[in-house]
Amino acid sequence: MRVVFHTSSAAETIELGRALCLQLKPGDVVAFHGELGAGKTTMIKGVAAGLGVADVVKSPSFVIVTEYAGRLPVYHIDLYRLSESSDFGAIGLDSYIEGEGICLIEWAERAEKILPASAVRVRMSVEEEGRRIEVSGPNVDRNVQPARGL
Ligand SMILES: Nc1ncnc2c1ncn2[C@@H]1O[C@H](COP(=O)(O)OP(=O)(O)OP(=O)(O)O)[C@@H](O)[C@H]1O
Ligand SMILES: [Mg+2]
């Protein structure tokens, strides 16, 4: 299923992230795609908050994986500095992906070869006023709706 949203502020994108988290279950992987500044980290803030993460989620600048304790373990993974030919096994990425926590992956296309078929895809792009956000995946319910109407 594929659903398209348009948000006009960072706050609305965070709200959408919160709504999306209702569809997640242990072991799920959410792959975020979109250019620099598209809003991947912003939406991840909402998903993480919805999963009960109290810490502030920010862009990890030098680390690849930041782990948060929500209702489930939450792994915020940023692959910006890696390439498609990186040794993902060496950094343990496959074990995060196969684990029972929730993986929220920025620049997920870099690790396309190890993403599960069940991954939720979030494709973000900058529009004249705000962001276009397409959410898709085999288990995505078209009823994903932010608490506040968008
Ligand atoms: N509708 C919107 N949704 C999300 N962010 C928005 C929106 N409108 C403006 N912004 C701003 O755009 C910026 C998005 O930055 P963010 O760090 O989330 O992007 P990113 O995709 O994670 O980038 P990077 O690839 O560098 O990690 C923030 O400064 C945010 O406030
Ligand atoms: Mg980011």
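1. Secondary structure. In this predicted model, the protein chain comprises three helices and seven strands. Read from the N terminus, its elements follow the order β-α-β-α-β-β-α-β-β-β.

2. Overall dimensions. The radius of gyration of the protein chain is 14 Å, close to the 15 Å given by the globule rule for 150 residues, so the chain is as compact as a globular protein of that length. The C-alpha trace spans about 45 × 30 × 30 Å along its principal axes.

3. Packing of helix 1 and helix 2. Helix 1 (residues 10–21) packs with helix 2 (residues 40–50) at an angle of about 40 degrees, and their axes lie 7 Å apart. Helix 1 is therefore oblique to helix 2. The crossing of helix 1 and helix 2 is right-handed.

4. Composition of the helix contact. Helix 1 contributes Ala 10, Thr 13, Ile 14, Glu 15, Leu 16, Gly 17, Arg 18, Leu 20 and Cys 21 to this contact, while helix 2 contributes Thr 42, Met 43, Ile 44, Lys 45, Gly 46, Val 47, Ala 49 and Gly 50. Sorted by class, the contact has nine nonpolar, five polar and three charged residues.

5. Surroundings of ligand 1. There are 18 residues around ligand 1, of which Thr 13, Gly 39, Lys 40, Thr 41 and Thr 42 come nearest. Helix 1, helix 2 and strand 7 (130–136) each provide at least two residues of the shell. By class, the shell around ligand 1 has three nonpolar, eleven polar and four charged residues.

6. Residues with two roles. Thr 13 and Thr 42 take part in the contact of helix 1 with helix 2, and Thr 13 and Thr 42 are also among the residues that come nearest to ligand 1.

Definitions and conventions: Residues are numbered from 1 along each chain as its sequence is written. Chains are lettered from A and ligands numbered from 1 in the order in which they are written. This is a predicted model: local features need pLDDT of at least 70, side-chain atom pairs count only at pLDDT 80 or more; totals for chains, interfaces and linings use all residues. Axes are lines fitted to C-alpha atoms, for helices over the stretch in contact, and angles run from 0 to 180 degrees between N-to-C directions. Helices (H or I, at least four residues) and strands (E, at least two) are DSSP runs, numbered from the N terminus. Angles under 35 degrees count as roughly parallel, over 145 as roughly antiparallel, 65 to 115 as roughly perpendicular and the rest as oblique. A crossing is left-handed if the near helix is turned anticlockwise from the far one by less than a right angle, and right-handed if clockwise. Two residues are in contact if their C-beta atoms, placed from the backbone, lie within 7 Å. Ala, Val, Leu, Ile, Met, Phe, Trp, Tyr, Cys and Pro count as nonpolar, Asp, Glu, Lys and Arg as charged, and the others, Gly among them, as polar. A residue is near a molecule or strand if its C-beta atom, placed from the backbone, lies within 6 Å of it. The radius of gyration is taken over C-alpha atoms; the globule rule is 2.2 Å times the number of residues to the power 0.38.
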